[in-house]
Amino acid sequence: MTTETLDQARTEAFAGQMVGLLNNAMTALMVSVGHRTGLFDSLASQRPSTPQAIADAAGLNERYVREWLGNMVTSRIMEHDAAAGTYWLPAEHAASITRAAGPNNLATLATYLPLMGNVEDQIVHSFRNGGGVPYSQYPRFQELMREESAQVFDATLTGVTLPMIEGIVGKLETGIEVADVGCGAGHAVNVMAKAFPNSGFTGYDFSEEGVARGRAEAAEWSLTNARFEVKDISTLDGGSKYDLITAFDTIHDQAKPRQVLKAIAASLKPGGVFLCVDIAADSTHAGNMEHPLGPALYAISTFHCMTVSLALDGEGLGTAWGEQKAYELLGEAGFTQIEKKSVEGDIMNAYYICRR
C-alpha cells in the first residue's frame, strides 16, 4: 500500500491512539510509585498543598514528588492551581487509587508493571525459542498478589463469597475440613480460619516464601486451626478428606491444570464442594473485545501466568483461559454440577461452585 492509498484520517487517528497509549503506559508506572510510596493515601486527606508540604506529609523527597506531580497533573489524575502553586487529589479519583478504597483500588494492578518489565528480556527470548520464565524470576510476586487479593478477601470472602455456596456457612460454623490450593501467602486461609474457629483449614502452595508468610500471619493472629504445607498441588491426595476446597486465581497458572483439578475432585468427601475462583473472561479473543481489562489480561498472561506454566513444560492455559475452557476442564475432572456466580464489584473473577 502506498502513501497515496492510505486513509489519512485513519492513519492520524491511530497515531493519536498510540500517543495516548504511551502516555498512559508511562503514567501507570507513576501510579505504581504513588501507591508504593503512600502518596495517594496521604493526599486523600490533604487540602490543596505545595509540593514541599505533600512531600513532608508523606515523608518523601520534595524534588521527586514535584516531578511526580507533573505527571499526575498532565495525566488529569490530580488537580493543580498554578497561581497558588498547590495540588490536590479529588475525592472522586481517590475512590479508585487509595488503600481506603479496598477492592476498588485499581492502583494495585499498576504495581505489576515494573515486575513484568524486569523479565522482558527473558520473555523476548521465549518468543524466539519457546519455553518460559520460571517463577523464581518474580521476586516480589508473592508480596503483590497478597496485597491485591487481601483487599478482596477482607471485604467479601466470609460475608459474600462463602455464603454463595448453599449451606456451607452453617457447616463451617459446626466444623469441617477445608483446603485452599495454590494458597500463595495464605491470607484467605487465615481469614477463613479466624471467622470459623471450629473448622480446620490447610493451605497448599509450592512457594516456600508464600507458605512462610501464611504461617507467620497465622501465628500473629494466634490461629490454631490453620496450617500450611509446601506442596505441588498436582500431587494432592487428600483421600476424600475435605468438605470444601477453594482455589483463588490459581488454576490458570498451573503447569498441569487437568491433573490438579482431578486431584481436587478426588480429595473431596462425598457431597463436598469445590469453589474455583478464576478470571472472568471468554475463551476467545473475539469474545473479549469488550472486556474492560481485556488487553491487560493478555499482557499479564504473556509476562507471567502463561510463561511460568510453560517454564515447567506445562499447558500454558493463560490468564484469559475463559469460561468455556473452565467448564471443559472442570467437567473433564469429574464435576457434574457447575454453577457460575459473580460478586458485585469484582470485575476480575468468575466464581464456579462445583460438585461431583
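In this predicted model, four helices each supply at least two residues to the lining of the second largest pocket: helix 1 (8-36), helix 6 (107-110), helix 7 (112-117) and helix 14 (294-310). Helix 1 gives the most, with nine residues. The pocket holds about 1,100 Å³ of space. Its lining counts 29 residues, and those closest to the centre are Asn 24, Ala 25, Ala 28, Leu 113 and Ala 296. As for chemistry, the lining breaks down into 24 nonpolar residues, four polar ones and just one that is charged.

Leu 29 is worth a look here too. This leucine sits in helix 1 and touches Leu 113 and Pro 114, leaving aside residues up to four places away in sequence. Leu 113 is also one of the residues closest to the centre of the second largest pocket. The C-alpha atoms of Leu 29 and Tyr 112 are 9.2 Å apart, although 83 residues separate the two along the chain. Is Leu 29 buried, partly exposed or exposed? Its relative accessibility comes to 36%, so Leu 29 counts as partly exposed.

Then there is the sheet. Seven strands make up an open sheet with mixed pairing, in the order 5-4-3-6-7-9-8. Strand 5 (226-230) and strand 8 (337-341) take the edge positions; each has a single partner strand, so one side of each goes without a neighbour in the sheet. From one strand to the next, the twist averages 20°. Helix 13 (residues 257-266) packs on this sheet and touches strand 3, strand 6 (242-248) and strand 7 (268-279). The direction of helix 13 makes about 145° with that of strand 7.

Strand 3 (residues 177-181) pairs with strand 4 (residues 200-205) in the parallel sense, over five bridges. Among the matched positions, Val 178 has Phe 201 of strand 4 as its bridge partner, while Ala 179 stands opposite Thr 202. Why is strand 3 described as largely enclosed by the rest of the structure? Four of its five residues are buried, and that is the reason.

Ser 126 offers another buried position. This serine belongs to helix 8 (residues 120-129), and its relative accessible area is 13%, which is under the 20% limit, so Ser 126 counts as buried. Residues up to four places away in sequence aside, Ser 126 touches Gly 131, Gly 132, Val 133 and Thr 307. Thr 307 lies within helix 14 (294-310), one of the helices that supply the pocket lining.

Finally, a word on the backbone. Most residues other than glycine have a negative phi. Against that background, two loop residues catch the eye. Arg 76 is not a glycine, yet has a positive phi of about 65°. This arginine is placed in the loop between helix 4 (62-74) and strand 1 (79-81), and is exposed, with a relative accessible area of 65%. Asp 313 is likewise not a glycine, and has a positive phi of about 60°. Its loop runs between helix 14 and helix 15 (322-332). With 75% relative accessibility, Asp 313 also counts as exposed.

Key: Residues numbered from 1 in each chain as written. Predicted model: local features only at pLDDT ≥ 70, side-chain atom pairs only at ≥ 80, totals over all residues. Heavy atoms only, no water. Pairing = 2+ DSSP bridges. Axes fitted to C-alpha atoms, helices over the stretch in contact; angles between N-to-C directions. Contact = heavy atoms within 4.5 Å. 1 Å grid on protein atoms, 1.4 Å probe; cavity = no way out; pocket = protein on both sides within 12 Å on 5 of 7 lines; lining within 4 Å. Points joined across faces, edges and corners; volume = space filled by probe spheres on them. Nonpolar A, V, L, I, M, F, W, Y, C, P; charged D, E, K, R; others polar. Buried < 20%, exposed > 50% of the residue type's maximum accessible area, 1.4 Å probe, protein only.
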